[in-house]
Amino acid sequence: MNDWFRELGLGLFIHWGHASTRGWELSWQMTGGVRDQSPPRSPVPIEDYFANAAGFDPERFDPAGWADLAWRAGARYMVFTAKHHDGFAMFDTELSDYKAGRDYTREIVDAFRDKGFRIGLYFSIIDWHHEDYPRYTDATVRKPYVVGDYPRGTQEQWERYRAFMLGQLGELLTGYGPIDILWLDGEFEHTAEEWDFAAIREFVRERQPHCLVNDRCVGHGDFVTPEQQLPLAPPDRLWETCLTMNESWGYVADEEWKDAGELLRTLVEAAAMGGNLLLNVGPTGTGEFPAEATARLEAFATWMERHEESIRGVRTGLELWQFHGPSTRRSLPEGGERLYLHLVMRPYERLTVRGLPVRRITDVRLLGADGRLAWSVLPWLKEVHSGTGDPLGDLRVEIPSALLDPMCSVVVVDLS
C-alpha cells in the first residue's frame, strides 16, 4: 500500500522562518542550542527572538524556482516546516496572530505539487510562544536547553493548548489539498500519555486517510526518521534519514558545509539499505537558497542525469561480503535482474564481486557511459566440482580511471 514512499529515494526538507532574517537557527537560537549537542549556539533573549517576526518579508521568494532545482536534483517529495517549535506559523492560521504576512505554505505546496512532488508538511506539536503551553521566557528556560527540562502549566492550560494545537493541525490537513506525509516533531516535551498519540493519529486519518505520519507520533508512526546519521542496520519498516547540508536546519551564515560527494554517498547508502534521504535546505531571510546549497543540489542534478535509476524504485542489493560498498537492484521487465554497484571508496579501478551466478551475467557496464567494461568470471571450484549448471563465483571488472564519475560511479551488472 505504501510502496510509493519506499520508491521515492530523495526528498527535500525545507526549514524556514523569520529567524532566517538574522541568521539564527530556527527556534533553538533562543535556547542557546541543546546541551552537549553540536554546534553550540549563542542564545538571544527570547522576547527579542519572538519580536523578530515583525520584519519577515522575503522579497526574493520563488517557490517555483525552488521546486525546479529540487526536481532536477532528483528529489521527488518535499517536507516544509509549516510551524516549528517557536510557534511562528508559515501558514494563514485563524487561531493565532503569530504568523507570516503571507500564506507561504500554500505557495510552496502549490509550486511543488505542480511540479509533481509528493507533499509533506512538518508541524511541531509544541509551541514555545503560546501562553498556555506555557510561553517560554528567559526566566523559565535553561540555556542551553536540557532535554526533559521545560516549563509546565496547569492542567487547564494544557487542555486549552492541546485543543489549539489540534485546531492548527486541522487547518493544515483540510486546507491544502492531499497531504502525503505529516512530519510531526516535538514529542520530547510531555509524555506520550499527555499527547495521546493514538488520538492524534486518528485525527489525521479522519482528515487525510492516505497520509503517512512519522514515528514522532510515538507508537503510531508509519515510518522511522533517524536524524543526521544513517542507522546501523536497516529498520524493519519504512524509513528515511533526515540530514542537513551544513550544521544547522535553518539558515545560519558562516558554517561548515558537507561536501557534495559526502551527501551523495549518504543517499546511495540509504537506498542500499532500503530507505530514503530527506536532504535539508534552509532558505535565507530574503527567500533564496544559500549559494552553497544551490551548488550541492546542482551537483546532485548532474549526477542524477546519468545515475538516477540506481537509487529510485530499487530494492536492497548484495550482502557486504559480496561487494564492499552500497548496492541496489531491480527486476527487469523481460526477466532477470539488474544490480547497481556504487563505487564510493578508492581504489575502485578494479572490482571483485563475489557469490554471483556467473553464467547468468549478460552485461557489465558503467551506468550512463558508452561501451562495456572488460570483465571476467571465475566459478567457485566447489560449484564446478558439484556439477551444478548454475554455479556461483566471482566477477572481476576493470574500470578505466578516465571513465570514473568524480562523485560516484555506478557499475551495472545484468543477470538473465
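**Exercise 1. Is His-190 buried or exposed, and what surrounds it?** Does His-190 count as buried or exposed?

*Solution.* Keep in mind that you're looking at a predicted model.
- Step 1: find the residue. His-190 sits in the loop between strand E4 (181-185) and helix H6 (192-195).
- Step 2: check its accessibility. The relative accessibility of His-190 is 8%, and buried means under 20%, so His-190 counts as buried.
- Step 3: look at the company it keeps. Leaving aside neighbours within four places in sequence, His-190 is in contact with Tyr-133, Tyr-150, Arg-152, Trp-158 and Trp-195.
- Step 4: look for a polar partner. The side chains of His-190 and Glu-194 are joined by a polar contact of 3.2 Å.

**Exercise 2.** Work out how helices H5 and H7 are arranged, and which residues make their contact.

*Solution.*
- Step 1: locate the pair. H5 covers residues 155-175 and H7 covers residues 197-207.
- Step 2: get the geometry. Their axes come within 10 Å and cross at roughly 30°.
- Step 3: name the arrangement. Angles under 35 degrees count as roughly parallel, so that's what H5 and H7 are to each other. The crossing of H5 past H7 is right-handed.
- Step 4: list the residues. H5 brings Arg-162, Met-165, Leu-166, Leu-169, Gly-170, Leu-173 and Thr-174 to the contact, while H7 brings Ala-199, Ile-200, Phe-203, Val-204 and Arg-207.
- Step 5: sort them by class. You'll get eight nonpolar, two polar and two charged residues.

**Exercise 3.** Describe the setting of Asn-246.

*Solution.*
- Step 1: go to the loop between strand E6 (240-244) and helix H8 (260-272), where Asn-246 lies.
- Step 2: read its accessibility. With a relative accessible area of 8%, Asn-246 is buried.
- Step 3: collect the neighbours. Not counting residues up to four places away in sequence, Asn-246 touches Val-252, Glu-255, Glu-256, Trp-257 and Lys-258.
- Step 4: pick out the polar contact. The side chain of Asn-246 makes one with the side chain of Glu-255, at 3.0 Å.

**Exercise 4.** Track down some backbone oddities: cis peptide bonds and positive phi angles.

*Solution.*
- Step 1: try the loop between E3 and H5, home to Pro-144. The bond joining Lys-143 and Pro-144 is cis, with omega about 0°.
- Step 2: stay with that loop for Pro-134. The peptide bond from Tyr-133 to Pro-134 is cis too, with omega near 10°.
- Step 3: turn to phi. Asp-36 isn't a glycine, yet its phi is positive, about 65°; at 81% relative accessibility, Asp-36 counts as exposed.
- Step 4: do likewise for Asp-196, another non-glycine with a positive phi, about 55°. Asp-196 lies between H6 and H7 and is partly exposed, at 35%.

Notes
Residues are numbered from 1 along each chain as its sequence is written. This is a predicted model: local features need pLDDT of at least 70, side-chain atom pairs count only at pLDDT 80 or more; totals for chains, interfaces and linings use all residues. Side-chain values use heavy atoms; hydrogens and water are left out. Axes are lines fitted to C-alpha atoms, for helices over the stretch in contact, and angles run from 0 to 180 degrees between N-to-C directions. Helices (H or I, at least four residues) and strands (E, at least two) are DSSP runs, numbered from the N terminus. Angles under 35 degrees count as roughly parallel, over 145 as roughly antiparallel, 65 to 115 as roughly perpendicular and the rest as oblique. A crossing is left-handed if the near helix is turned anticlockwise from the far one by less than a right angle, and right-handed if clockwise. Contact means heavy atoms within 4.5 Å. Ala, Val, Leu, Ile, Met, Phe, Trp, Tyr, Cys and Pro count as nonpolar, Asp, Glu, Lys and Arg as charged, and the others, Gly among them, as polar. Buried means under 20% relative accessible area, exposed over 50%, partly exposed in between (1.4 Å probe, protein chains only). A polar contact is a pair of N or O atoms within 3.5 Å; within protein, one must be able to donate a hydrogen and the other to accept it, and residues adjacent in sequence count only if both atoms are side-chain atoms.
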